[in-house]
Amino acid sequence: MRKAIRHLQAADPVLGAIIARVGAYRIEFRDPGFETLVRSIVYQQLSGRVAQVIFGRLAAAVPEGLLTPESILALRPAKMRKLGLSKQKTAYIRDLARHTRAGTVDFAALSALPDAEVIERLTKVKGVGVWTAHMFLIFALRRTNVLPSGDLGVRMAIQKAYSLAELPKPTDIDLLGQRWHPYCTVAAWYLWRSLE
């Protein structure tokens, strides 16, 4: 990571100041499997605390707390709704379970694929958009050059750090982020931390 941090500091003084303020890079990774993508779906558009409670209820509702395609499909949709999942998220998680069970989403194969192909495969699942695929690439597949330009936290951090009058558009962030390649993930992590 020293090479990545030196590159970012040299390429972008504003980001360099954030790195100096935040300190060491301490990203936390998750297993690149079914449960991690279920977690991402649960967490979409919710505060972390609320999502954590709902995800905990979902895990507690399946045998041994193991979220697998089979354990999800064994739950009735009405039960999933009582756990706090919306009708949409229930449908999304069940669609992911069906895709995984059928082999159209093969988590073991994803690590060998380029980012664009991972995004293409994951976004075939209802409720899994580019943002969710980006989070999976970053936190599960540990890719170092992913720029989640549509992420609200990244957009807010850039607006604040670069003293912009308005929230930047994803296309603006893609342009700004060109100088961060091939360490966009590291830049995004520091931007998120800058808001804390």
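## Met-135 and its surroundings

Met-135 is buried, with a relative accessible area of 7%, a value that falls in the buried class because that class is defined as under 20%. The model discussed here is a predicted one, and in this model Met-135 has its place in helix α10, which runs over residues 130-139.

When the neighbours within four places in sequence are left aside, the contacts of Met-135 are with Ala-140, Pro-148, Asp-151 and Trp-192. For one of these partners, Pro-148, the separation from Met-135 is 13 residues in sequence, while the C-alpha to C-alpha distance in space is 7.8 Å. Another of the partners is Trp-192, and helix α13 comprises residues 184-194.

## Helix α4: length and two sides

Helix α4 covers residues 48-60, and its 13 residues, taken at 1.5 Å a residue, should span 18 Å; the C-alpha atoms at its ends are 18 Å apart, so the expected span and the computed one agree. Within α4, the buried residues are Ala-51, Ile-54, Phe-55, Leu-58 and Ala-59. These residues lie on the same side of α4 because they cover an arc of only 140° around the axis. The general background is that an α-helix has 3.6 residues a turn, so residues three or four places apart point the same way.

The other side of α4 carries Arg-49, Gln-52 and Ala-60, which are exposed. As for what the buried residues of α4 meet, they pack against three helices, namely α3 (34-43), α5 (69-74) and α7 (87-102).

## Backbone features in the loops

Two residues that are not glycines have a positive phi, and each is found in a loop. Arg-142 has a phi of about 60° and lies in the loop that runs between α10 (130-139) and α11 (152-161). Ser-163 has a phi of about 50° and is placed in the loop between α11 and α12. Ser-163 is also exposed, with a relative accessible area of 65%, which belongs to the exposed class because that class begins over 50%.

A further backbone feature is the cis peptide bond that joins His-181 and Pro-182, for which omega is about 5°. Pro-182 is found in the loop between α12, which covers residues 170-177, and α13, which covers residues 184-194.

How values were computed: Residues are numbered from 1 along each chain as its sequence is written. This is a predicted model: local features need pLDDT of at least 70, side-chain atom pairs count only at pLDDT 80 or more; totals for chains, interfaces and linings use all residues. Side-chain values use heavy atoms; hydrogens and water are left out. Helices (H or I, at least four residues) and strands (E, at least two) are DSSP runs, numbered from the N terminus. The expected span of a helix is 1.5 Å times one less than its number of residues. Buried means under 20% relative accessible area, exposed over 50%, partly exposed in between (1.4 Å probe, protein chains only). The arc is that of the directions from the helix axis to the C-beta atoms. Contact means heavy atoms within 4.5 Å.
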